[in-house]
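Here is a short briefing on a predicted model. Topics are a metal site, a sheet and a helix.

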Amino acid sequence: MPSLTFLGTGTSHGVPEIACSCDVCISSNPKNRRLRCSAFLQQDGRNLLIDCSKDFREQALVHKIDNITDILITHAHADHVFGLDELRVYNRLHKDSISLYMSQECDTSLRTLFTYIYAQPLQNGGGVSSLENHVVQPGIDFQASGFNIVPIPVMHGKLPIYGYRIGDLAYITDCSYISDESFELVRGVKVLVLGALRYQEHPTHFNLDQAVEAAKKIGANQTWFVHSAHNLEHDKVNSELPDNINLAYDGLCVRF
Ligand SMILES: [Zn+2]
Ligand SMILES: [Zn+2]
Ligand SMILES: [Zn+2]
């Protein structure tokens, strides 16, 4: 049975935030410590990463991730892709490039953000990651690391991004709007991962109420909220949420 491990469940600032001494940032509950958002899927000894966060190095060390060949990218914001620089170690170990799957917009943004990776470097130094971008189309399935995957187009404020359906699992982060067509694409999933930023509304992310509403509409057996800010205290929020909807936490592993 495939598994998903939450490598990071925090918003772009991470939790604790730098220079903050609110109750959540100084909490001794490890579930209130959130690295930047990413997840790791495993099946039959094969690994699939979703996003490559700013905290990827730490995440890879904690979870002893020794092999990656494929990565699903949701969008090109710094918190989701600034770990791509770390991947050169896998290129060296496995003497192969790593395949990245993404939207057309995301491909364009990554080539701008990482000119030193995608253009030929003047000299190699410590090496650069060798990445092979594959543009995938909304609603059209493809295969990676033995998984069947469907890109789910959603809106992140004004930015169109991808969530992904992987069999009975859907992973949708950084989302503020899901169209009827995209709700249709995730119909019947058993496990849902969904972004829920904070109590207050936000222009580019679901707040808790909006995330609960979307989760109920999708109706998965289990829903796990991610990309949460320091306004959300783990135990308090979970005690307020419906029984089958919970805040995820770094290191949680679920089977699907
Ligand atoms: Zn984000
Ligand atoms: Zn704080
Ligand atoms: Zn974002």
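The zinc ion (ligand 2) has a tetrahedral arrangement, because its 4 donor atoms subtend angles of 107 to 115 degrees. To count as tetrahedral, four donors need all angles between 85 and 135 degrees. The model is predicted.

**Zinc site**
- Cys20 (SG), Cys22 (SG), Cys25 (SG) and His230 (ND1) are the protein donors of the zinc ion (ligand 2). They lie 2.0 to 2.3 Å from the ion.
- Along the chain, the donors of this zinc ion are spaced C-x1-C-x2-C-x204-H.
- Cys25 is buried, because its relative accessibility is 8% and the cut-off is under 20%.
- Cys22 is partly exposed, at 24% relative accessible area.

**Sheet**
- An open sheet of 7 strands runs in the order E7-E8-E9-E10-E11-E12-E13, with mixed pairing.
- Strand E7 (142-144) and strand E13 (245-247) are at the edges. Each has a single partner strand, so one side of each lacks a neighbour in the sheet.
- From one strand to the next, the twist averages 30 degrees.
- Strands E9 (residues 159-166) and E10 (residues 169-172) pair antiparallel over 3 bridges. Ile166 has Leu169, in E10, as its bridge partner.
- Helix H7 (residues 208-218) packs on the sheet and touches strands E11 (191-195), E12 (222-226) and E13. The direction of H7 makes about 155 degrees with that of E11.

**Helix H4**
- Cys106, Asp107 and Leu110 are buried in helix H4 (residues 104-113).
- These buried residues line one face of H4, because they fall within an arc of 100 degrees seen down its axis.
- They pack against helices H2 (78-81) and H5 (115-118), and against strands E5 (98-102) and E6 (131-135).

Key
Residues numbered from 1 in each chain as written. Chains lettered and ligands numbered in written order. Predicted model: local features only at pLDDT ≥ 70, side-chain atom pairs only at ≥ 80, totals over all residues. Heavy atoms only, no water. Buried < 20%, exposed > 50% of the residue type's maximum accessible area, 1.4 Å probe, protein only. Helix = DSSP H or I, 4+ residues; strand = E, 2+ residues; numbered from the N terminus. Arc of directions from axis to C-beta. Contact = heavy atoms within 4.5 Å. Donors = N, O, S within 2.8 Å, 3.2 Å for Na, K, Ca; no water. Tetrahedral: all angles 85-135°; square planar, octahedral: opposite > 155°, others 65-115°. Pairing = 2+ DSSP bridges. Axes fitted to C-alpha atoms, helices over the stretch in contact; angles between N-to-C directions.
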